[in-house]
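Here's a quick tour for anyone meeting this structure for the first time. Have a look at the sequence and the model, then read on.

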Amino acid sequence: METDTQTQNKLSQESEKPGSVQTTILSKQKAQSLRYMPSTQQERRSSTRSIKRKKFDDELVESSLIKTERNRIKSGQQPVQEKEKIAEIVEKDMPVAPPPEKKKTSKSSKSRSKRSKAPAPASTKDLGRWKPQDDLALITAVQQTNDLTAVHLGVKFSCKFTLKEIQERWYALLYDPMISKLAVQAMKMLHPEIQAAVQAKALYSKEEETLLGKIISTSQPNIETFQDLLEKHPNVLYPTRTAKALQNHWLLMKQYHLLPDQSVQPMPRGDHVLNFSDAEDLLYDEELKEPKDETIEQELSIGDRKNKREIRHLEQELPKWQVLVDSVTGISPPDFDNQTLAVLRGRLVRYLMRSREITLGRATKDNQIDVDLSLEGPAWKISRRQGIIKLRNNGDFFIANEGKRAIYIDGKPILNGMKQKMNNNSVVEISCLRFIFLINQDLINAIRNETHKVPPTTT
């Protein structure tokens with residue numbers, strides 16, 4: 001027994017030495033002996049699982065983090081060799097999975113997928129933007145002009161379409177049976193008043209313009225002459241044309257010198273073409289200045305006071321601004337009423353002449369006039385007081401030029417200080433602006449009759 005204890009002590013001393021091989025063997029032996037030792041005290045049974053209770057949100061997050069950390073620690077403690085053994089056993093026991101079978105696809109499913117993946121054609125791409133009114137306007141315009149570019153420039157659709165979109169829509173209406181059928185059904189469902197409004201705005205064909213061109217520009221045609229055209233040429237003119245519409249189109253052709261008897265002078269050839277603005281730039285303002293005169297200055301100051309008084313009266317007159325409201329809303333009232341003597345009509349604005357004398361020009365802060373030409377377009381080259389339109393007792397209208405630039409009446413220039421008689425439908429050109437002068441014949445005839453009835457004064 002003593003020998004055994006001595007040997008054990010020696011082994012324990014050697015095992016305590018660092019780096020010895022026997023330390024591992026002894027630690028294993030001690031663990032085995034402790035495992036099989038009888039326990040004198042009864043071990044207390046306890047569960048490692050936590051008590052199940054409702055957890056708050058923050059506790060749920062913390063518990064999930066703790067579980068993940070425990071799993072990482074356990075996986076780190078497991079030796080690598082045991083992992084390899086378990087993997088080998090699993091590979092031996094697990095049956096080999098067969099390769100996945102290829103699903104048999106039928107021809108019908110392939111064709112369906114191809115149909116679903118096929119991109120939509122360009123004709124049906126913007127189908128929702130085209131309204132029945134647009135289709136009706138497109139068809140009538142093409143029938144009138146046979147030119148899609150003219151349709152793109154002349155027809156006003158519900159929204160802005162490019163030339164390519166108009167071409168695609170027209171070809172779709174021609175060659176796509178589904179789209180053409182839907183469009184025809186939608187156009188049939190339109191209200192008759194909407195159809196009439198769309199067809200009334202149809203473009204004019206070349207035959208119709210040649211027929212209107214037979215009326216000479218120097219003449220003064222009435223509505224009866226255009227009514228005779230409608231009765232004589234029903235096959236040439238569009239069915240929805242009226243005498244008033246034909247008269248308005250003839251006036252536009254006259255305004256833009258599109259009638260055959262109107263001659264447009266050719267532009268001179270050369271490197272530099274002298275125009276009015278260039279000639280005005282060549283003038284020196286210092287040479288045009290005159291010495292100041294006290295009497296003239298006093299008269300001008302009195303005139304300024306009068307103008308300021310007129311400004312106060314004009315500010316209270318709302319009918320002047322009715323022109324702007326009409327241009328914005330698009331609602332065009334009748335040309336004449338009981339108080340309007342004449343109308344100076346442009347592309348955007350209508351100026352009503354309700355007094356025997358009105359002034360034309362460009363309005364500024366210091367200068368207020370009856371007809372402000374800047375509302376029609378660029379008027380920076382027009383004088384502040386360009387001219388005066390006056391009605392005489394015999395019923396004739398005369399215009400007098402008081403500005404630097406010339407005023408053209410039916411192509412005839414009127415220089416500064418000159419006067420010219422104005423007839424009905426006369427074309428007035430001031431700088432780059434064009435107007436048509438329309439006379440209220442009924443009111444002028446009534447004024448003439450009243451002047452004839454007045455007895456002459458006896459001396």
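## The hairpin of S10 and S11

Let's start at a turn. S10 and S11 form a hairpin with 2 residues between the strands, and there Ser431 takes a positive phi near 60°. Keep in mind that this is a predicted model.

The two arms of that hairpin, S10 and strand S11 (residues 433-439), pair in the antiparallel sense over 5 bridges. If you'd like a spot to look for, Val427 has Ile436 in S11 as its bridge partner.

## S10 and its other neighbour

S10 also pairs with strand S7 (residues 407-409), again in the antiparallel sense, this time over 3 bridges. Here Ile409 has Val428 of S10 as its bridge partner. Strands of a sheet pair through backbone hydrogen bonds, either parallel or antiparallel.

So is S10 buried or exposed? Strand S10 covers residues 426-430, and 5 of its 5 residues are buried. In a regular strand the side chains alternate between the two faces of the sheet. In S10, one side carries Ser426, Val428 and Ile430, while Val427 and Glu429 sit on the other, and all of these are buried, which leaves both faces covered.

## An open sheet of 5 strands

Elsewhere you'll find an open sheet of 5 strands, in the order S4-S3-S5-S6-S9, and its pairing is mixed. Strand S4 (371-372) and strand S9 (419-422) are the edges, each pairing on one side only.

What does S9 pair with? Its partner is strand S6 (residues 397-401), and the two run in the antiparallel sense with 4 bridges between them. Along this pairing, Ala400 stands opposite Lys419 in S9.

## Two patches on the surface

Now for the outside. Tyr171, Leu174 and Tyr175 make up a nonpolar patch on the surface, and together they have about 380 Å² of accessible area. Tyr175 belongs to helix H8, which spans residues 163-175. Tyr175 counts as exposed because its relative accessible area is 65%, and the cut-off for exposed is over 50%.

The other patch is one of negative charge: Asp293, Glu294, Glu297 and Glu299 gather there on the surface. Glu297 has its place in helix H16 (residues 294-315). Why is Glu297 called partly exposed? Its relative accessible area is 41%, so Glu297 falls between the cut-offs of under 20% for buried and over 50% for exposed.

Notes:
Residues are numbered from 1 along each chain as its sequence is written. This is a predicted model: local features need pLDDT of at least 70, side-chain atom pairs count only at pLDDT 80 or more; totals for chains, interfaces and linings use all residues. Side-chain values use heavy atoms; hydrogens and water are left out. Buried means under 20% relative accessible area, exposed over 50%, partly exposed in between (1.4 Å probe, protein chains only). Two strands pair if DSSP finds at least two bridges between them. Patches are made of residues with over 30% relative accessible area and no salt bridge: like charges are joined within 9 Å, nonpolar side chains (Val, Leu, Ile, Met, Phe, Trp, Tyr) within 5 Å. Accessible areas come from the Shrake-Rupley method with a 1.4 Å probe; for residues, only the protein chains shown count as cover. A salt bridge is a side-chain nitrogen of Lys or Arg within 4 Å of a carboxyl oxygen of Asp or Glu. Lys and Arg count as positive and Asp and Glu as negative; His and the chain ends are not counted. The place of a charge is taken as NZ of Lys, CZ of Arg, CG of Asp or CD of Glu.
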